[in-house]
Amino acid sequence: MVTMQDVAERAGVTKQTVSNVVTGRVTVRPATEARVRAAIAELGYVPNLVARSLATGSSRTVGLFVPTVSAPFYADVVEEVEDALEERGHRLLLCTTRLDGERARRHLAGLAGRSVDALLIAGDQGLTGHLPLLADVRFPVVLCAWEAALPDGFPVVTVDYEHGGHLAGRHLRALGHERALVLASPAHTVRAAGFRRAFREDGVPLPDDAVRTAADPTFRGGLAAALDALRDHPDATALFATHDVLAVAALEAARMLGRSVPDGLSVVAHDDTPAGLLSGPALTTVVLPKREMARQAVDLALGAASRGARPDPRPRLLLLPALVPGESTAPVR
């Protein structure tokens, strides 16, 4: 078995220097670190993680909860968290809830007794009621991508989703639209509320039936809801979809009903996922700073872990989204 001493001799450094490179606890000069890592790769050295954990009191592992990795939004969050952790010498332990409350409860209960340095929870679907399971854990817990009401007792790094909906509404109002529809996922009431606020500020409040919820927030469910909304409101000149998949469904519904986009109907999306990039026309969309959010959550969690304390539960960091115009919106005719 290759030992740390073997690596030290091959790199021409001390054993402590190799330890510093492996653990990341002490900064090593770039040239020296490169030499050590080259020796590790050449010799095939694998650190004894159990021994290191016992010696340092740190597992160098951070847990991450996400609803799914099939959604592009959460896939980007996972990648950025993993990159940020790797840069700091930590590994990722990933759990998916798959929007199953019982599965989420089991994972949280299991993690509560595990040796992790910190836990990040991205997305609030099905998790809010299970957070009390983490009340007595010894590691820091940070919430991110939280769209529901923010719970007490945990720091949160998330996006101002209400502002995102408001940006979409202000964009359409600037183009002169007064009759608009909202196609929303059940989890996106805050985005819809921000959009309605933008119209209400100008004295053109949207009627309640202008907001349609796609009970099944997929392309198929969004298409059915969009067709119903456009048939019920043939005078609507604009539509805001709270997710790009729903926006693509709205584009198809408009095509099926003979409504051209953007001349006959302007469409604004939310999230900036590949579904929107591949649509035709290219969607005007609200872009979320998801990678920045992921990094700030990692910084907050590891900062607390390095101090051996839970993070201050008061931080409520709301990152601002931005609207990026595309080809799916135009001035009202």
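This passage walks through a predicted model of a protein chain, from its overall make-up to its strands, helices and a few single residues.

The protein chain holds twelve helices and twelve strands. Of its 333 residues, 48% count as buried. Contacts that reach across the sequence are a good place to begin. Among contacts between residues at least 6 apart in sequence, 71% join residues at least 24 apart. One pair of residues gives a concrete picture of such a long reach along the chain: Phe154 and Arg314 lie 160 residues apart in sequence, yet their C-alpha atoms are separated by 7.2 Å. Phe154 belongs to the loop between β4 and β5, and with a relative accessible area of 6% it is buried.

A helpful entry point to the strands is β1, which spans residues 61–66 and is mostly covered, with six of its six residues buried. In a regular strand, side chains alternate between the two faces of the sheet. In β1, Thr61, Gly63 and Phe65 point one way, while Val62, Leu64 and Val66 point the other way, and all are buried. Strand β1 has a parallel neighbour in β2 (residues 91–96), to which six bridges join it. Within this pairing, Phe65 stands opposite Cys95 of β2. To get from β1 to β2, the chain passes through helix α5 (residues 72–87), and the resulting β-α-β crossover is right-handed.

Strand β1 also pairs with β3 (residues 118–122), again in parallel, through four bridges. Here Gly63 is found opposite Leu119 of β3. From β3 the pairing can be followed onward to β4, since β3 and β4 run parallel and share four bridges. Leu119 appears once more in this pairing, standing opposite Val141 in β4.

Strand β4 covers residues 141–144, and both of its faces are covered: Val141 and Leu143 on one side, and Val142 and Cys144 on the other, are all buried. Strand β4 is joined in turn to β5 (residues 156–159) by two bridges, and these two strands run parallel. The bridge partner of Leu143 in β5 is Val156.

Two of the residues met along these strands are cysteines, and they invite a closer look. What is the relative accessible area of Cys95? Cys95 has a value of 10%, which is under the 20% cut-off, so this residue counts as buried. Cys144 is buried as well, with a relative accessible area of 1%. A disulfide is a covalent bond between the sulfur atoms of two cysteines. How many disulfides does a search of the whole structure find? The search finds zero.

Turning to the helices, α3 (residues 30–43) has 14 residues and reaches 20 Å from its first C-alpha to its last, close to the 20 Å expected at 1.5 Å a residue. Its buried residues are Thr32, Val36, Ala39 and Ile40. Why do these buried residues line one face of the helix? Seen down the axis of α3, they fall within an arc of 100°, so they line one face. The other side of α3 carries exposed residues, namely Pro30, Ala31, Ala41 and Glu42. Just after the helix, Gly44 adopts a positive phi of about 70°.

Helix α7 (residues 161–174) also has 14 residues, and at 1.5 Å a residue they should span 20 Å; the end C-alpha atoms are 20 Å apart, which agrees. The buried residues of α7 are Tyr161, Gly164, Gly165, His166, Ala168, Gly169, His171, Leu172 and Arg173. Following α7 comes Gly176, whose phi is positive, near 90°.

A final stop is His188, located in the loop between β6 (180–184) and α8 (189–201). Is His188 buried or exposed? Its relative accessibility is 9%, so His188 counts as buried. Which residues does His188 contact, leaving aside its neighbours within four places in sequence? Its contacts are Glu147, Thr242 and His243.

Technical notes:
Residues are numbered from 1 along each chain as its sequence is written. This is a predicted model: local features need pLDDT of at least 70, side-chain atom pairs count only at pLDDT 80 or more; totals for chains, interfaces and linings use all residues. Side-chain values use heavy atoms; hydrogens and water are left out. Buried means under 20% relative accessible area, exposed over 50%, partly exposed in between (1.4 Å probe, protein chains only). Two strands pair if DSSP finds at least two bridges between them. A crossover is right-handed if, with the strands pointing away from the viewer, the path from the first strand over the helix to the second runs clockwise. The expected span of a helix is 1.5 Å times one less than its number of residues. The arc is that of the directions from the helix axis to the C-beta atoms. A disulfide is a pair of cysteine sulfur atoms within 2.5 Å. Contact means heavy atoms within 4.5 Å.
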